[in-house]
Amino acid sequence: MINIPKGTKDVLPNQSYKWQFIENAARGVARVFNLSEIRTPVFEHTELFKRGVGETTDVVNKEMYTFEDKGGRSVTLKPEGTAGAVRLFIENGLSNSALPVKTYYITPAFRYERPQAGRLREFHQFGIEVFGSKSYATDAEVIFAASSFLEKLGVKARLEINSIGCKSCRAEYNRALKNYFSPHLEKMCATCRSRFDKNPLRILDCKEEGCKKVIAGAPKITDYLCGECAAHFKGVKNLLSAQGLDYTVNPMIVRGLDYYSKTVFEFVSEAIGAQGTVCGGGRYDGLVEELGGQPTPAIGFAAGIERLLLLMENTSAPFPEEDKPLIYIAGLDEKSRDYVFGMVTELRLKGIRAELDHMDRSVKAQFKYADKTGVKYVAVVGEDELKNKTINIKNMSDGTQETVNISEVYSYLVQKENL
Ligand code: ATP
Ligand code: MG
């Protein structure tokens, strides 16, 4: 017996309706926010993620599924959705279309991490990416899309926002960070020490307890924003407040990827332990150009579907009922069974979720099985029914029975169920 690879999960037949519920909520939100779906390959040239996610990130340094294909090219399974979306935007010349280009995706993503609750090696993301607008209203719109999505799922998560400024304000902030961290550097982790030289901002993202203590006293980016970035951030906050969306400013959020600028945000919940970030995003005005396109401001987010599922299960968020078959028709003997096959097929072609026996069960066992599937109506066909051209349809939820012409089962169901 060969087992599933570590850090991956099956979705079982009696669980997939939960995934569909989340995915439908995502598509519903995307529709009203006027976003169009994009699909990119599961693997890309490794270079795309090195440049697109950033060489100083954990994702690129430690977590990528990278391998050489048979042609000797280095390819990587996508660890996130943004880099591929940006490549798609550039490669297909979408900067020449009407801006902003508003996109969304639902995709698997792969990271070689230590598996634990809410942390997998293959996981799934619903993400949106909007290209071409630098307006703070776009930031607010993207945050609202994330918030409406979580609301649809009945998930309560707190919104934390920050601005990490642009290149010019960050230069000064990085100097302040270096001044602050340099006397503490010896007691900080190796990753932080290497980030100190390459990208001190990323130190703020460290999860080590010892480092976190030092980080708590670090200067705050919000005190270093240039005029333009400060005004942009104020614009975002005003729009969120005006629409009654609660948030807190957390100057420690820098996000895991390198090319963020200005607004960054996370939706966080305490209900699923350490891996509490269910959705993270931000503006990445430099990335399109970095990857070879025309300078194009952009912003997006990604929400982890497994983490949301975990959160919904832990907080008993209401999933809709699993869709059950509407009618089960049992056949008593071979001739009746063949007739039932025709009846059920006809119902299915008309859009009714219908079922029949495939296991040569006795009538009693067929009833027991039908009951287990949660079906609403059950009918039996035998010699008498074939002769009289009528059948009894039993409503399993209230026990009532009605006799119906055998060729009129469909119209009976339509009338009963207001289909
Ligand atoms: P974390 O701090 O939890 O490692 P991250 O900053 O690496 O998160 P992002 O790259 O922003 O995460 O990914 C967006 C979302 O994808 C996360 O908020 C989370 O919900 C989900 N996610 C990220 N990594 C994993 C994983 N290994 N397993 C399951 N979900 C994940
Ligand atoms: Mg991570």
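Analyst: Let's begin with one definition: two strands count as paired if DSSP finds at least two bridges between them. The model here is predicted. Take strand S9 (residues 261-268) and S10, which pair in the antiparallel sense over six bridges. Within that pair, valine 264 stands opposite glycine 282 in S10.

User: Thanks! How many bridges join S10 and strand S11?

Analyst: As a general idea, strands of a sheet pair through backbone hydrogen bonds, either parallel or antiparallel. In this case, S10 and strand S11 (residues 298-304) are antiparallel partners with five bridges. Cysteine 279 faces alanine 303 in S11, standing opposite it.

User: What can I say about the burial of strand S10?

Analyst: Buried means under 20% relative accessible area. Six of the seven residues of S10 (residues 277-283) are buried, so this strand is largely enclosed by the rest of the structure.

User: In what order do the strands of the eight-stranded sheet run?

Analyst: Follow the sheet from neighbour to neighbour, and you get S1-S5-S6-S11-S10-S9-S7-S8. This sheet is open and its pairing is mixed. At the edges you find strand S1 (36-37) and strand S8 (248-249), each pairing on one side only.

User: How do S5 and strand S6 pair?

Analyst: S5 and strand S6 (residues 122-131) pair in the antiparallel sense, over ten bridges. To find one of these in your viewer, look at threonine 107, whose bridge partner in S6 is glutamine 125. A helix belongs in the picture too: H4 lies across S5 and S6, at about 40° to S6.

User: Which strands make up the three-stranded sheet, and in what order?

Analyst: The order is S2-S4-S3, in an open sheet with antiparallel pairing. Strand S2 (43-45) and strand S3 (65-68) stand at its edges with a single partner strand each, so one side of each has no neighbour in the sheet. On average, neighbouring strands here are turned by 35° against each other, direction ignored.

User: Which residues could I use to check its pairings?

Analyst: Try phenylalanine 43, whose bridge partner in S4 is leucine 77. S2 and strand S4 (residues 74-77) are joined by three bridges. On the other side, phenylalanine 67 has valine 75 as its bridge partner in S4, and S3 and S4 share four bridges. The hairpin of S3 and S4 has five residues between the strands, and glycine 72 there takes a positive phi near 80°.

User: Which helix lies across S2, S3 and S4?

Analyst: That is helix H2 (residues 46-53), which runs at about 80° to S2. H2 also packs on H4, with their axes 9 Å apart and at an angle of about 105°. Angles of 65 to 115 degrees count as roughly perpendicular, and H2 and H4 are therefore roughly perpendicular to each other. Leu48, Phe49 and Gly52 of H2 meet Ala83, Gly84 and Arg87 of H4. By class, this contact of H2 with H4 has three nonpolar, two polar and one charged residues.

User: At what angle do helix H5 and helix H9 cross?

Analyst: The axes of H5 (residues 136-152) and H9 (residues 227-242) cross at roughly 45° and come within 8 Å. That makes H5 oblique to H9. The crossing of H5 past H9 is right-handed. On the H5 side the contact is made by Tyr136, Ala137, Asp139, Ala140, Ile143 and Phe144, and on the H9 side by His232, Gly235, Val236, Leu239 and Leu240. The classes in the contact of H5 with H9 are eight nonpolar, two polar and one charged.

User: Finally, what is special about the bond joining leucine 99 and proline 100?

Analyst: Here the general rule helps: most residues other than glycine have a negative phi, and most peptide bonds are trans. Leucine 99 and proline 100 are joined by a cis peptide bond, with omega about 0°. Proline 100 sits in the loop between helix H4 (82-91) and strand S5 (101-110).

User: And what phi values do lysine 389 and asparagine 418 take?

Analyst: Lysine 389 has a positive phi of about 60°, and you will find lysine 389 in the loop between helix H14 (383-388) and strand S15 (390-395). Asparagine 418 has a positive phi of about 50° and lies in the segment after helix H15 (409-417). Asparagine 418 is exposed, at 71% relative accessible area.

Technical notes:
Residues are numbered from 1 along each chain as its sequence is written. Chains are lettered from A and ligands numbered from 1 in the order in which they are written. This is a predicted model: local features need pLDDT of at least 70, side-chain atom pairs count only at pLDDT 80 or more; totals for chains, interfaces and linings use all residues. Side-chain values use heavy atoms; hydrogens and water are left out. Axes are lines fitted to C-alpha atoms, for helices over the stretch in contact, and angles run from 0 to 180 degrees between N-to-C directions. Helices (H or I, at least four residues) and strands (E, at least two) are DSSP runs, numbered from the N terminus. Angles under 35 degrees count as roughly parallel, over 145 as roughly antiparallel, 65 to 115 as roughly perpendicular and the rest as oblique. A crossing is left-handed if the near helix is turned anticlockwise from the far one by less than a right angle, and right-handed if clockwise. Contact means heavy atoms within 4.5 Å. Ala, Val, Leu, Ile, Met, Phe, Trp, Tyr, Cys and Pro count as nonpolar, Asp, Glu, Lys and Arg as charged, and the others, Gly among them, as polar. Buried means under 20% relative accessible area, exposed over 50%, partly exposed in between (1.4 Å probe, protein chains only).
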